[in-house]
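Trainee: I have a structure open and would like to learn how to read it. Can we go through it in questions and answers?

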Amino acid sequence: MPEEIIRRKRRLSSFQIITLGFAGVILLGALLLMLPISTTGENVTPFNETLFTATSAVCVTGLVVQDTGSYWSTFGQAVILALIQIGGLGVVTVAASFALLSGRKISLMQRSTMQDAISAPKVGGIVRLTRFILRGTFLIELLGALVMLPVFCHDYGWRGIWMAVFHSISAFCNAGFDVLGANSLIGYQNNLIINLVIPGLIIMGGLGFVVWFDVAHCIKKEYGKRSKFSKKHLFKSFSLHTKLVIIATVVLLLAGAVLFYLCEFNNIKTIGGLPLFDQIQISFFQSATLRTAGFASVDMASLHPSTKLMMCVLMFIGGSPAGTAGGIKTVTFAIGVLEVYNIYHGRKEVTAFSRRI
């Protein structure tokens with residue numbers, strides 16, 4: 001058998017590269033967290049605990065076996081934050097960013113892998129899309145950190161800078177990790193800045209990178225050809241995917257906030273004893289964070305069973321495709337609703353915005 005055919009057979013598929021990449025990053029993160037410098041007590045953490053933490057960070061789930069703020073040192077927290085960022089962007093996207101920075105040419109095989117990693121609709125323009133994702137991600141995370149900076153610096157002094165950066169990245173990546181202790185963000189439940197910025201970052205990360213690119217492209221196109229900017233015409237120019245994502249996201253956010261308020265407004269252990277404005281902003285915060293982020297501004301153990309059931313539904317749906325959130329995705333949920341609607345009305349095909357799916 002020719003050597004060229006042997007090499008071709010040994011070549012890994014894009015899905016194998018992505019899987020091995022994630023496994024490699026998790027293993028490296030677990031080993032780094034085992035170092036004494038990673039903990040405040042300078043002790044060696046058992047491998048099973050560091051493996052759990054690294055997996056949770058890369059997979060942006062927010063589950064922990066040790067309190068992130070008190071157990072891990074600044075170095076350990078930095079490792080966790082790096083794992084969160086890699087998990088949010090994707091291993092392949094991060095690797096591609098280093099290749100782009102070094103000026104290396106991206107091969108067709110690498111472009112195909114990048115396409116699979118970020119669920120891009122086509123290979124063409126994948127490098128441009130990757131650059132857009134990286135710039136957009138770091139810009140949004142920077143803005144989020146700058147807005148939260150006065151709040152955390154007021155409470156923690158110079159350490160507030162690190163806390164603003166950590167929570168901005170964690171929120172954008174829908175990770176749910178925080179360095180505030182066991183009470184998470186309960187201490188900031190009546191802080192308007194935190195209740196707007198954290199959900200805003202969660203939503204931006206959960207919308208999906210393809211939606212960003214489509215919206216930016218359509219805005220640029222509409223501004224270029226029209227003297228008068230029309231929001232109605234802009235929405236029509238969006239792709240079907242973007243339309244479904246935006247509508248599903250808005251509906252789920254509003255429905256989650258309303259349902260949370262209706263279930264908890266008389267619960268004195270959560271929001272029952274708070275002013276109406278605080279109840280509303282906490283309800284919105286919880287609706288956004290339930291989309292797989294994992295932050296908490298109320299005591300989760302004190303919630304009504306009906307609230308927990310509603311939370312399970314929202315967490316199951318999660319965010320949108322090609323984003324930082326998990327779940328079955330908003331588009332899957334939207335198409336499922338459309339399918340039920342069409343079956344009820346005796347239609348054989350699923351359509352949305354005059355397009356057949």
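Trainee: Where is the place of S354?

Mentor: Keep in mind that this is a predicted model. S354 has a positive phi of about 60°, although it is not a glycine. Its place along the chain is the loop between β1 and β2.

Trainee: Does S354 count as buried or exposed?

Mentor: The cut-off for exposed is over 50% relative accessible area. S354 has 79% relative accessibility, so it counts as exposed.

Trainee: Which class does F353 fall into, by its relative accessibility?

Mentor: F353 lies in the loop between β1 (351-352) and β2 (355-356). F353 has a positive phi of about 55° and is not a glycine. Buried means under 20% and exposed means over 50%, with partly exposed in between. F353 is at 39%, so the class is partly exposed.

Trainee: How many helices and strands does the chain have?

Mentor: Start with the whole chain. Of its 357 residues, 46% count as buried. Among contacts between residues at least 6 apart in sequence, 64% join residues at least 24 apart. As for the elements, the count is 16 helices and two strands.

Trainee: Which residues have the most contacts inside the largest nonpolar core?

Mentor: In soluble globular proteins, nonpolar side chains tend to be buried together. Here the largest nonpolar core has 62 residues. Those with the most contacts inside it are I84, M148, F152, L185, I194, I198 and F295.

Trainee: Which helix gives the largest share of this core?

Mentor: The share to look for is ten residues. The helix that gives them spans residues 126-156. That is α8.

Trainee: How many residues are in the other core?

Mentor: This core lies apart from the largest one. Among its residues are I271, L303, M311 and L314. Its count is eleven residues.

Trainee: What does F152 touch?

Mentor: F152 is among the residues with the most contacts inside the largest core. Leave out residues up to four places away in sequence. Then F152 touches G157, G160, M163, A164, H167, L180, Y188 and I194.

Trainee: Does G160 count as buried or exposed?

Mentor: G160 is found in helix α9 (residues 159-172). Beyond its neighbours within four places in sequence, G160 is in contact with L149, F152 and C153. Buried means under 20%. G160 is at 0% relative accessibility, so it counts as buried.

Trainee: What separates the C-alpha atoms of G160 and L149?

Mentor: Along the chain, G160 and L149 are eleven residues apart. In space, their C-alpha atoms are separated by 6.5 Å.

Trainee: Which residues is L89 in contact with, leaving aside its neighbours within four places in sequence?

Mentor: L89 has its place in helix α5 (residues 74-89). With 5% relative accessibility, under the 20% cut-off, L89 counts as buried. Its contacts are V94, I133, L134, T137, F138 and F209.

Trainee: How far apart are L89 and V58 in space?

Mentor: In sequence, L89 and V58 are 31 residues apart. In space, C-alpha to C-alpha, they are 9.8 Å apart.

Trainee: How many disulfides does a search of the whole structure find?

Mentor: A disulfide is a covalent bond between the sulfur atoms of two cysteines. Take two cysteines here: C59 is partly exposed at 41% relative accessible area, and C263 counts as buried at 19%. The search of the whole structure finds zero disulfides.

Trainee: Which element gives the most to the lining of the largest cavity?

Mentor: The largest cavity holds about 80 Å³ of space. It is lined by 13 residues, of which I202, I203, G206, R291 and G319 lie nearest its centre. Two elements give two or more residues to this lining: α10 (192-207) and α13 (240-264). The one that gives the most, with four residues, is α10.

Trainee: How much space lies in the largest pocket?

Mentor: The largest pocket is lined by 21 residues, and G62, V64, D178, S184 and G294 lie nearest its centre. By class, the lining has nine nonpolar, nine polar and three charged residues. The space in this pocket is about 410 Å³.

How values were computed
Residues numbered from 1 in each chain as written. Predicted model: local features only at pLDDT ≥ 70, side-chain atom pairs only at ≥ 80, totals over all residues. Heavy atoms only, no water. Core = buried A, V, L, I, M, F, W, Y, C linked by side-chain atoms within 4.5 Å. Buried < 20%, exposed > 50% of the residue type's maximum accessible area, 1.4 Å probe, protein only. Contact = heavy atoms within 4.5 Å. 1 Å grid on protein atoms, 1.4 Å probe; cavity = no way out; pocket = protein on both sides within 12 Å on 5 of 7 lines; lining within 4 Å. Points joined across faces, edges and corners; volume = space filled by probe spheres on them. Disulfide = S-S within 2.5 Å. Nonpolar A, V, L, I, M, F, W, Y, C, P; charged D, E, K, R; others polar.
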